[in-house]
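Work through the exercises below with the sequence and coordinates open. Try each task before you read its solution.

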Amino acid sequence: VLLYSPSFLLFLRFDGIKEGDVVRHDGKRSDGYLEHIFKHAAKELFGMDVKEITYKALKNKDFQEVTLEKDGETVLRFAAAYGFRNIQNMVLKLKKGKFLYHFVEVLACPGGCLNGKGQAQSEDGKPDRALLAQMEEVYAAIPVRLPETNLHVQRVYQDWLQGMDSEKAQETLHTSYSAVNQTTSSLDIKW
């Protein structure tokens, strides 16, 4: 198993893992991490158990929104932006201060990871829709297990990170961001 964080790269070997031990996060496709984060945030921040989420397509099927309402007020607003056109539009809205999302799942490939150029294509170079549907079906058949209930994840925290709330876990798995002053450079990208 390979674990990656900006501050470390760690290879772990878990003895006794069998093919049936493979699990996935919530979400119907490989790019559905938004769904897992949304459900977790709803529970942790607002005490709400969300079983199903509904995506609302905005300008196109690759730019969708998910919201959570509590007492008539929108308390969580997530978006999924797939494909460079949607990413560019998102960046422009961010620059204008008109992007009101708490979390955005961004993927370069229109339609998500399974639709990427690294996947099998038909002879004419177009995505193989039948194969894509088959891959989504196989992925959806993998059982969902929340990371906090996964024994292997618990072992990493216990044996290597010295507990979930340890200083080592904080340093290794968490980061923070701050605004940077914009400089003028010939490398600046103008979107």
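**Exercise 1: The sides of a helix**

In helix H2, Asn86, Ile87 and Met90 are buried. The model is a predicted one. Determine how these residues are placed around the axis of H2.

Solution.
- Step 1. Take the arc. The three buried residues cover only 100° around the axis, so they sit on the same side of H2.
- Step 2. Turn to the face away from the buried side. Phe84, Arg85 and Lys95 are there, and they are exposed.
- Step 3. Find the cover. Strands E3, E4, E5 and E6 are among what covers the buried residues of H2.
- Step 4. Check the length. H2 runs over residues 84–95 and has 12 residues. At 1.5 Å a residue the expected span is 16 Å, and the end C-alpha atoms are 16 Å apart, so the two values agree.
- Step 5. Look just past the helix. Gly97 follows H2 with a positive phi of about 75°.

**Exercise 2: Strand pairing**

Find how E4 pairs with E3 and with E5.

Solution.
- Step 1. Start with E3 (residues 56–60) and E4 (residues 63–70). They run antiparallel and are joined by three bridges.
- Step 2. Locate a bridge. Asn60 has Phe63 of E4 as its bridge partner.
- Step 3. Inspect the connection. E3 and E4 make a hairpin, with two residues between them.
- Step 4. Move on to E5 (residues 73–82). E4 pairs with E5 over eight bridges, in the antiparallel sense.
- Step 5. Locate a bridge here too. Gln64 has Ala80 in E5 as its bridge partner.
- Step 6. Inspect the turn. The hairpin of E4 and E5 has two residues between the strands, and Asp71 takes a positive phi near 55° there.

**Exercise 3: A lysine in H1**

Is Lys39 buried or exposed? Which backbone oxygen lies 3.0 Å from a polar atom of its side chain?

Solution.
- Step 1. Place the residue. Lys39 belongs to helix H1 (residues 33–46).
- Step 2. Apply the cut-off. Buried means under 20% relative accessible area. Lys39 has 14%, so Lys39 is buried.
- Step 3. Search around the side chain. The backbone oxygen of Lys51 lies 3.0 Å from a polar atom of the Lys39 side chain.

**Exercise 4: Aromatic pairs**

Count the aromatic pairs. Then classify the pair of Phe63 and Phe99 and the pair of Phe78 and Phe103.

Solution.
- Step 1. Choose the descriptors. An aromatic pair is described by the distance of the ring centres and the angle of the planes.
- Step 2. Count. There are five aromatic pairs.
- Step 3. Take Phe63 and Phe99. Their centres are 6.5 Å apart, with 55° between the planes, and the pair is tilted.
- Step 4. Place them. Phe63 is in strand E4 and Phe99 in the loop between H2 and E6, so this pair ties together parts 36 residues apart in sequence. Both Phe63 and Phe99 are buried.
- Step 5. Take Phe78 and Phe103. Their ring centres are 5.0 Å apart and their planes at 35°, so this pair is tilted.
- Step 6. Place them. Phe78 lies in E5 and Phe103 in E6, so the pair ties together parts 25 residues apart in sequence.
- Step 7. Compare accessibility. Phe78 is buried, at 3% relative accessible area. Phe103 is partly exposed, at 24%.
- Step 8. Extend to the cluster. Phe38, Phe78 and Phe103 form one aromatic cluster.

How values were computed: Residues numbered from 1 in each chain as written. Predicted model: local features only at pLDDT ≥ 70, side-chain atom pairs only at ≥ 80, totals over all residues. Heavy atoms only, no water. Pairing = 2+ DSSP bridges. Helix = DSSP H or I, 4+ residues; strand = E, 2+ residues; numbered from the N terminus. Expected span 1.5 Å × (residues − 1). Buried < 20%, exposed > 50% of the residue type's maximum accessible area, 1.4 Å probe, protein only. Arc of directions from axis to C-beta. Contact = heavy atoms within 4.5 Å. Polar contact = N/O pair within 3.5 Å; in protein donor to acceptor, adjacent residues only side chain to side chain. Phe/Tyr/Trp six-rings, centres within 6.5 Å; stacked < 30°, edge-to-face > 60°.
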